[in-house]
Amino acid sequence: MWPCVVSSFSRRLVASLGVCGRRKCCGTAAFMPEAPAFEGVRSRSELRDFSVSDSERFWAAVGNQRLSWISPFHTVQDCDLTQGRIKWFEGGKLNVSVNCLDRHVHTSPDRVALIWERDEQGSEVKYTYRELLEMTCRLGNVLRRRGVKRGDCVTIYMPTCPLAVAAMLACARIGAAHNVVFAGFSADALAERIRDAESNTVITVNQGVRGGKFTELKKTVDEAVQSCPSVQQVLVAMRTDTPVVMTARDVAMEEYVFSYHDGDVFGCVADIGWITGHSYTVYGPLANGGTTVLFESTPIYPDPGRYWNTVERLKINQFYGAPTAIRLLLKYGDHWVTKYDRSTLKTLGSVGEPINTEAWEWYHRVVGDGRCPVVDTWWQTETGGICIAPRPSEPDAEIVPGMAMRPFFGIKPVLMDTEGKVLTSNNTSGALCMAQPWPGMARTIRNNHQRFIETYYQPYPGYFFTGDGAYRSAQGYYQITGRLDDVINVSGHRIGTAEIEDVVNQCSAVAESAVIGFSHDIKGEGVYAFVVLKKNIDIKEDDLSRQLNKMVSKKIAKYACPDVIQLANRLPKTRSGKIMRRVLRKVVERDLDGLGDLSTLDDPTAVQEIVEGHNAILRKQQQKQQP
């Protein structure tokens, strides 16, 4: 239930991010229709303060007015951050699928719900709310007939397409949980997620299509389920005409689910396998009766103008993409943007990682013609929806490039020092935490609530720890500075360094490894692997690189492959044997003055070896760049 609340509310932020900022006269109703009922609230800043100081009244109004309830709630919240107890709208009962579909079908059945921007440029397909409801109900009935019941978890391994959306909504409709796995994950990574979710049913397609290339999703599922004894059935839809081998476990979905019509084919800019796709491609827009675009392709297929061609054809008003894609397209030049009509655009958003100033300014100046506000939004899987963003704000309020800036309604961020104390002054940096709960936040980790407590509530008792560092400017604006834990954000995809190290260490030639993130012009963060070989191993660096990349691609995904591999005789460690990743980061960042006290190292001379090895890699890279 909680994702529907936060998506329904915060989706209005994305839909109206630029609108309020351009109005000369703007009442509180422009930010929130329910706001006029809050006595004494006359501006955006007063509304934000009210949302924090009287959060129960605020969220009660949102819950009552934005959602359709089967049974009304009797308690707005019962939360205690010191214990990690998060309970909202107790006693209430609703169905997310009904809120996203049925109530809109009753009022506007022929309004377009989905626009599927297929990989094949110019072949978009539109689905109305009535059609999406019909597809969802048919698939829900299939799941019921196949024995899926309330409380079961269905794994969805599909490209971003209308049927994937229907699968998510069908699960919600019948009371099953969905485990949406990014379709770029390998068989091993998929199998691990199926086992964690204890799924008995998997939904997939024969092939995925992206950037003119085909990926064998059904074959990946076949390999994955061999190590997943809980899986009883695999529902298979056809994205392409290529037949696949069907086993006794497999069910062809076309025999139940929907009939094809001339021109119908299935298939989004955020992939539904990630939280952005959940909240702002599926649940948020549909809960608000909006029209959402499903982008199946890549930013550069068939050419670097694909995004802007799509904007022109589909007349997109709000464009929400990743800084990685913006940095990539910037390098291709302005003409791929300016050749298309982008006059329908009102707001440009970025999500997934901090956006650098150069990319922000190009996005604003070229893509938005200098008239569209660019909003750098900060949030996480754990928060459910946007928490800090430049908009909504007072009319004509400034937007600072590369800063998330203003806390959203109901959000109370704080910065903590290394001693666990709240930093109250501005112009300071610290660990970003949240001082009070909100409906969209995560409640637990499936089957491991203790890990949930240890990860998010024990580091700073009484606060929700985001894992990110942040800077608060003299004006009180927030800027995200990066992860504080061992997580790398590659092109908006978060991956733990330990997960990559585990795969690298499985190589027969590798004795141990250490993986860190480093600044990357395109990806935001890249993967830098330090590798120590076993004794008497004779292997060429190119061969080792190919072998490690193949292993990481197979076990995790291609995006997790190391961008740089540095061989080392040893790694800098403490006397207790802990690898000093902090030191490795400083070397790669070329901040040798920031290495700090090395007296705790078992052998400080190991650092100099690492520095020399890194310098050798830099020289080699410079030689390659020379004509």
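A salt bridge here is a side-chain nitrogen of Lys or Arg within 4 Å of a carboxyl oxygen of Asp or Glu. The model is predicted: local features need pLDDT of at least 70, side-chain atom pairs count only at pLDDT 80 or more, and totals for chains, interfaces and linings use all residues. Residues are numbered from 1 along each chain as its sequence is written, and side-chain values use heavy atoms, with hydrogens and water left out.

**Exercise 1.** Trace the salt bridges of Lys218.

Solution.
Step 1. Lys218 meets Asp222 in a salt bridge, N to O 2.9 Å.
Step 2. Both sit in helix H9 (residues 217–225), 4 residues apart, so about one helical turn separates them. Helices (H or I, at least four residues) and strands (E, at least two) are DSSP runs, numbered from the N terminus.
Step 3. Lys218 also forms a salt bridge with Asp250, with the closest N and O atoms 2.9 Å apart. This pair links distant parts of the chain: Lys218 in helix H9 and Asp250 in strand E11, 32 residues apart.
Step 4. Check burial (buried is under 20% relative accessible area, exposed over 50%, partly exposed in between; 1.4 Å probe, protein chains only). Lys218 is buried at 1%. Asp250 is buried too. Asp222 is partly exposed at 22%.

**Exercise 2.** Place the salt bridge between Glu120 and Arg239 in the chain.

Solution.
Step 1. The closest N and O atoms of the pair are 3.2 Å apart.
Step 2. Glu120 lies in the loop between E3 and E4, and Arg239 in the loop between strand E10 (233–237) and strand E11 (250–252). They are 119 residues apart.
Step 3. Glu120 is partly exposed, at 31% relative accessible area. Arg239 is buried, at 6%.

**Exercise 3.** Describe the open sheet that contains E3, and the helices on it.

Solution.
Step 1. The sheet has 3 strands in the order E4-E3-E12, with mixed pairing. Two strands pair if DSSP finds at least two bridges between them.
Step 2. Strand E4 (125–128) and strand E12 (292–295) are the edges, each pairing on one side only.
Step 3. Strand E3 (residues 112–117) pairs with E4 in the antiparallel sense over 4 bridges. Trp116 stands opposite Val125 in E4.
Step 4. H6 packs on the sheet, touching E3 and E4 (contact means heavy atoms within 4.5 Å). The direction of H6 makes about 80 degrees with that of E4. Axes are lines fitted to C-alpha atoms, for helices over the stretch in contact, and angles run from 0 to 180 degrees between N-to-C directions.
Step 5. Helix H7 (residues 162–174) lies across E3, E4 and E12, at about 135 degrees to E3.
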